[in-house]
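Here's a quick briefing to read alongside the structure. Have a look at the chain first, then work through the topics below.

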Amino acid sequence: MAALARWCYRHRLVVLLVWVGALFGLGFSASTAGTDYANVFSLPDTDSKRAYDLMEKAFPARAGDTDTVVWTVDEGSVRDQDVRSRIQPALDDIAKMKGVGGVTSPYAGAATQVSGDGRTAYAQITFTEQANSVPKELVQDVVDAAQGAERGGLEVELGGQAIQRVQEPPTGLAEMVGLAAAAVVLFLAFGSLFAMLLPLAVAVFGVGMGLFSTQLLSHVTDIPDLAPLLSSLIGLGVGIDYALFIVTRHRKGVLRGLDPEESAVTALNTSGRAVLFAGGTVCIALAGMLVTNLRFLDGVVIGTSVTVVLSVLAATTLLPALLGFLGVRVLSRKQRKRLAASGPEPEKASTPAARWSTRVQRRPRTIAALAVVVMAVLALPVLSLRLGATDQGNNDDATTTRKAYDLLAQGFGPGFNGPLQVVVDGGDATALVKAVKDTPGVAQVAALPPANGVTVIQVVPTTSPQSKETDALIDRLRDDVVPQAGVTAHVGGVTAVSKDFATVTGDRLPLFIATIIGLGFLLLLVAFRSLVVPLTAAVMNLIAAAASFGVLVAIFQWGWGLELLGLGKEGPINAFLPVIMLSLLFGLSMDYQVFLVSRMHEEWVHTRDNARAVRVGLAETSRVINSAALIMVCVFLAFVLSGDSGAAMAGVGLAAAVALDAFVLRTALVPAAMHLLGDSNWWLPAWLEKRLPHLAVEPKEDEPHEALPTADGGPASAVHGFVRDAAGDPVEGATMTLMTKGGRRLDRVTSLADGSYILSVPGPGTYLLATAASSSASHARQLTVAAEPLVFDVELSEDELDSVN
């Protein structure tokens with residue numbers, strides 16, 4: 001890792017040009033190829049899939065997307081001449097548009113397209129392409145032509161997948177808002193414009209290349225149109241966070257007097273390895289979705305994993321190159337002036353973080369109890385979780401698709417927006433048609449003429465597609481009505497597919513949870529060589545998941561705050577969301593857990609004092625964890641503006657999960673629990689210790705290199721010598737600081753009147769010696785201490801520091 005970082009730092013222009021070329025090359029290829037996203041919701045071995053296969057056999061020539069124009073009158077009938085004279089010319093104009101395959105009008109004999117009270121009617125517009133391929137300009141022309149027929153007392157609305165696309169906010173709006181919010185947090189954290197831009201640049205390159213790659217991959221495999229949104233959501237979050245960890249570590253090194261190149265190499269060799277581990281963990285968690293065997297999620301796994309991999313690659317190659325361009329300008333002007341005037345300073349935990357850490361140590365039971373109560377209260381709504389699928393009835397009530405949905409429900413019944421198809425494979429369907437008509441919960445039944453031995457019976461329920469009563473009707477048809485009719489038939493349609501998807505997801509969710517929790521347990525077991533730490537992390541992940549889903553249920557299922565957020569109407573939670581959210585939450589929480597506990601583990605290894613280890617670890621990492629989490633929350637919440645209900649739901653859920661995980665669990669409950677558990681945190685049976693592989697994950701603050709043993713196995717005693725100026729005169733009052741390569745202070749003294757100094761050394765190895773004096777610039781130099789005390793004389797000049805061993 002160090003060699004790669006050094007090469008990228010020294011060949012920064014080459015690295016930057018390669019990344020820019022790759023980004024533009026992929027962008028050009030993707031724009032030339034276009035998109036071919038496919039929402040494959042059908043599931044093997046389900047009744048709705050068998051119905052779909054039979055319908056394809058009966059109607060193989062079904063073509064493009066079908067959308068709907070709905071109109072209603074306040075008085076009179078839609079059949080009145082003054083209404084017809086306005087609507088029919090608009091439909092004729094739409095039919096002539098290039099890209100429109102046909103228009104089915106109620107004025108052309110389709111009497112079933114007029115409601116029973118005569119006040120609402122609809123026409124069906126069939127495009128020649130699927131919704132994602134229909135040009136937005138054509139769709140907008142259709143909307144303008146249809147709504148141009150409106151007048152006082154006549155309302156015209158449109159619904160359908162193609163129409164949905166033109167009312168979405170501009171592409172990239174959510175990403176831009178997320179980046180802007182992240183920029184504000186980064187500037188407040190760093191106080192430097194250049195340092196703020198680094199994580200943003202890394203995230204833009206990683207996400208941009210990930211999205212272009214996903215777009216190209218959509219031509220060779222089924223990738224849903226939700227995948228790019230989720231990819232950009234998670235890519236922006238992890239890309240900014242990973243760069244934040246590395247830049248923070250680099251800035252600390254520069255502040256301690258390290259040469260910018262050495263500081264960048266150290267940051268990449270320590271925090272960079274943590275980023276590699278964290279990115280790999282996220283990808284493993286995403287791959288865990290494959291155990292559910294849901295085809296719809298395969299494309300999500302591909303798109304998000306590719307974006308995460310490219311974000312990690314940008315953080316470990318592009319970032320050191322950008323650090324090379326900035327040099328010491330990665331610090332703010334105030335920090336550069338202070339460094340020049342006062343010399344390098346050891347790391348100090350921020351005062352609020354240190355105070356909070358001490359408070360947790362003093363009152364672990366109280367803080368743990370409060371945190372558990374908060375999480376339990378937030379998790380209570382999850383007991384009423386209901387999985388399903390959102391549709392245009394959940395859109396904001398100001399959109400034309402939501403208005404069209406409501407008009408159809410008012411005119412033709414709530415079940416009209418989600419009809420069922422009972423597909424009969426051969427045989428006489430007469431008895432089944434009669435039985436379906438007599439079934440409670442059925443509003444309308446119509447049997448289409450048989451085709452290729454297949455009969456399709458259209459069934460309109462009396463209840464809405466998302467209601468529990470409609471789910472019960474599907475079960476009744478499958479379990480009772482169809483078997484009693486004595487024919488082979490299957491219940492399909494969008495509503496039935498959604499129900500099957502939710503059922504299969506719910507059945508496979510326990511296996512999925514067990515898989516990702518088990519993977520997390522094993523990874524942390526190897527990383528921290530403890531049974532209690534990974535067990536604690538597993539419990540915390542489950543608590544965070546329950547609380548975040550409780551928030552989702554309260555907002556999206558119960559409708560609390562939906563109007564305030566502008567997110568439409570309440571409904572069930574998308575069936576695919578638990579799998580996606582748990583994967584991402586698992587990966588992100590593992591990131592924070594490793595960053596927090598690894599610092600505690602390092603202190604434990606050095607001191608064997610659990611209370612000190614937990615206190616120091618929390619004090620020194622909580623600020624970075626909270627800053628990273630705040631950035632994640634901003635990015636995720638920005639996806640409320642995406643216009644996609646699935647992405648908005650995922651954004652709110654992930655924002656809640658990350659906020660609770662970082663601000664409640666990692667900052668309060670985890671350290672409080674570790675204080676209560678004491679030394680047992682680090683317990684591992686001896687037989688297991690011998691069999692576990694060793695895995696270096698998180699950067700270690702103390703990482704001696706080329707350590708040389710002494711004759712008796714004891715530590716080296718000291719580093720000592722004289723500090724002189726360029727004329728050879730002794731320098732009194734020079735500050736001499738001995739630090740680990742990670743920058744932690746070990747000892748500090750000031751030179752005496754004769755220029756002499758002596759520093760204590762804990763053991764043989766490689767260290768940093770920082771020198772600061774009012775008459776010269778401040779510098780740090782590496783030195784290797786062997787078995788004997790090291791004599792190290794320092795010569796100062798006005799603009800440089802030289803040392804003579």
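One term first: pLDDT is the predictor's confidence in each residue, on a scale from 0 to 100. You'll need it here, since this is a predicted model. The protein chain averages a pLDDT of 84, and 91% of the residues score at least 70.

**Where to trust the model**

- Confidence peaks in helix α14 (residues 364-379), at a mean of 95, and bottoms out in strand β19 (residues 801-804), at 42.
- Residues 698-715 stay under 50 in pLDDT, and the model gives this stretch 49 contacts beyond four places in sequence.
- Residues 799-805 are also below 50, with 21 contacts in the model beyond near neighbours in sequence.

**The nonpolar cores**

- In general, nonpolar side chains tend to be buried together in soluble globular proteins.
- Here, the largest nonpolar core has 155 residues, and Ile240, Tyr242, Met289, Phe556, Tyr592 and Phe636 have the most contacts inside it.
- Helix α23 (residues 645-677) is the top contributor to this core, giving 21 residues.
- There's also a second, separate core of 29 residues, which includes Ile87, Ala90, Val134 and Leu154.
- Back in the largest core, take a look around Tyr592: beyond its neighbours within four places in sequence, its contacts include Asp241, Phe245, Ile625, Met632, Val658 and Arg666.

**A four-stranded sheet**

- Four strands make an open sheet in the order β7-β8-β6-β9, with antiparallel pairing.
- Strands β7 (442-447) and β9 (489-492) are the edges, each pairing on one side only.
- From one strand to the next, the twist averages 20°.
- Strand β6 (residues 420-425) pairs with β9 over four bridges, in the antiparallel sense, and Val422 stands opposite Val491 in β9.
- Helix α3 (residues 47-58) lies across β6, β8 (454-461) and β9, running at about 100° to β9.
- Helix α16 (residues 430-437) packs on the sheet too, touching β6, β7, β8 and β9, and its direction makes about 165° with that of β7.

**Two residues to zoom in on**

- Thr304 sits in helix α11 (residues 295-326) and is buried, with a relative accessible area of 1%.
- Leaving aside neighbours within four places in sequence, Thr304 is in contact with Leu230, Ser231, Ile234 and Leu286.
- Cys283 is buried as well, with a relative accessible area of 17%.
- Why is the sulfur of Cys283 without a bond to another cysteine sulfur? The closest one, in Cys8, is 20 Å away, so it is too far for a bond.
- Searching the whole structure turns up zero disulfides.

Notes. Residues are numbered from 1 along each chain as its sequence is written. This is a predicted model: local features need pLDDT of at least 70, side-chain atom pairs count only at pLDDT 80 or more; totals for chains, interfaces and linings use all residues. Side-chain values use heavy atoms; hydrogens and water are left out. A nonpolar core is a set of buried Ala, Val, Leu, Ile, Met, Phe, Trp, Tyr and Cys residues joined through side-chain atoms within 4.5 Å. Buried means under 20% relative accessible area, exposed over 50%, partly exposed in between (1.4 Å probe, protein chains only). Helices (H or I, at least four residues) and strands (E, at least two) are DSSP runs, numbered from the N terminus. Contact means heavy atoms within 4.5 Å. A disulfide is a pair of cysteine sulfur atoms within 2.5 Å. Two strands pair if DSSP finds at least two bridges between them. Axes are lines fitted to C-alpha atoms, for helices over the stretch in contact, and angles run from 0 to 180 degrees between N-to-C directions.
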